[in-house]
Every structure is written in structure tokens, then in C-alpha cells.
Amino acid sequence: MNNETVLATVSQLYQEFRQLPFPAGLAGADRAGFDLVMLDSDTAGWVFTWIKNGGELEARGRTGLLRCIARLDLVIPVLSEADAPEYWHRLREMARLVAESPHGHQVG
């Protein structure tokens with residue numbers, strides 16, 4: 001996929017994701033040693049920044065996004081059905097698309 005296609009895809013996924021409520025009962029919850037509210041906020045924040053910047057992230061943003069993906073990779077396997085795993089899978093998929101995009105790795 002070229003960057004314009006990825007940008008359009010992630011923008012659509014992000015708009016759909018923003019309509020989802022944060023999973024009930026997970027405010028203040030910790031999984032695999034990570035606060036889920038912060039993980040959600042940080043990951044969505046980097047995705048939003050990438051969208052806002054027309055499909056580019058500076059080095060600091062890319063590092064932050066990759067850290068979020070690594071944390072999601074630890075959190076997702078330990079989630080129960082009550083933790084709304086589909087919510088976290090959607091968040092991780094958006095982050096993956098950004099990280100793998102042609103300009104997701106811009107240095108600046």
C-alpha cells in the first residue's frame with residue numbers, strides 16, 4: 001500500500017475506533033504491568049499525530065509508537081473476554097499500519 005492509501009485506511013479505522021467506548025471496568029486496570037488507560041491514550045495519540053501530520057511521524061513519535069506496540073503485544077495475550085480483546089486488537093492494528101507505512105519512520 002502506498003502512503004496515501006495507508007493514510008486513508010488508518011484515518012477511517014481511527015474514526016471508527018473513536019466511536020467505541022473505552023471497555024467498561026478497565027479504567028485503572030493493569031494488564032501485564034501496564035495501565036490500560038495510558039496504553040490506550042498513548043497509542044491512539046501517536047496514531048492521531050501521524051494522521052494529523054499527513055502520514056508522518058518524527059523519530060520521537062515512531063519510538064513512542066513502537067513502544068506502545070510492544071506493550072500491546074504483551075497485554076493482548078493476557079486479556080480475558082471481559083477485557084474486550086477486540087478493542088485492543090483494533091488499536092494494535094492501527095498502530096501496526098502506521099509503523100509499517102512508508103513514512104511512519106520519518107526522522108525529524
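This tour moves through two helices and one end of the chain in a predicted model. Residues are numbered from 1 along each chain as its sequence is written, and side-chain values use heavy atoms, with hydrogens and water left out. Local features need pLDDT of at least 70 and side-chain atom pairs count only at pLDDT 80 or more, while totals for chains, interfaces and linings use all residues.

Select helix H2, residues 36-52; helices (H or I, at least four residues) and strands (E, at least two) are DSSP runs, numbered from the N terminus. At 1.5 Å a residue, counting one less than the number of residues, its 17 residues should span 24 Å, and the end C-alpha atoms are indeed 24 Å apart.

Next, colour the buried residues of H2 (under 20% relative accessible area, 1.4 Å probe, protein chains only): Leu36, Leu39, Asp40, Thr43, Ala44, Trp46, Val47, Trp50 and Ile51. They cover an arc of only 155° around the axis, taken from the directions from the axis to the C-beta atoms, and therefore lie on the same side of H2. Their cover (heavy atoms within 4.5 Å) includes helices H1 (3-18), H3 (59-75) and H4 (85-100), with strands S1 (30-31) and S2 (34-35).

Zoom to the start of H2, where a side-chain oxygen of Asp35 comes within 2.9 Å of the backbone nitrogen of Val37. Just after H2, Gly54 has a positive phi of about 70°.

Move to H4, whose buried residues include Trp88, Leu91 and Met94; the buried residues of H4 pack against H1, H2 and H3.

Finally, select Asn2, in the segment before H1. Its C-alpha atom is separated by 7.0 Å from that of Pro102, 100 residues apart along the chain.

Conventions: Buried < 20%, exposed > 50% of the residue type's maximum accessible area, 1.4 Å probe, protein only. Polar contact = N/O pair within 3.5 Å; in protein donor to acceptor, adjacent residues only side chain to side chain.
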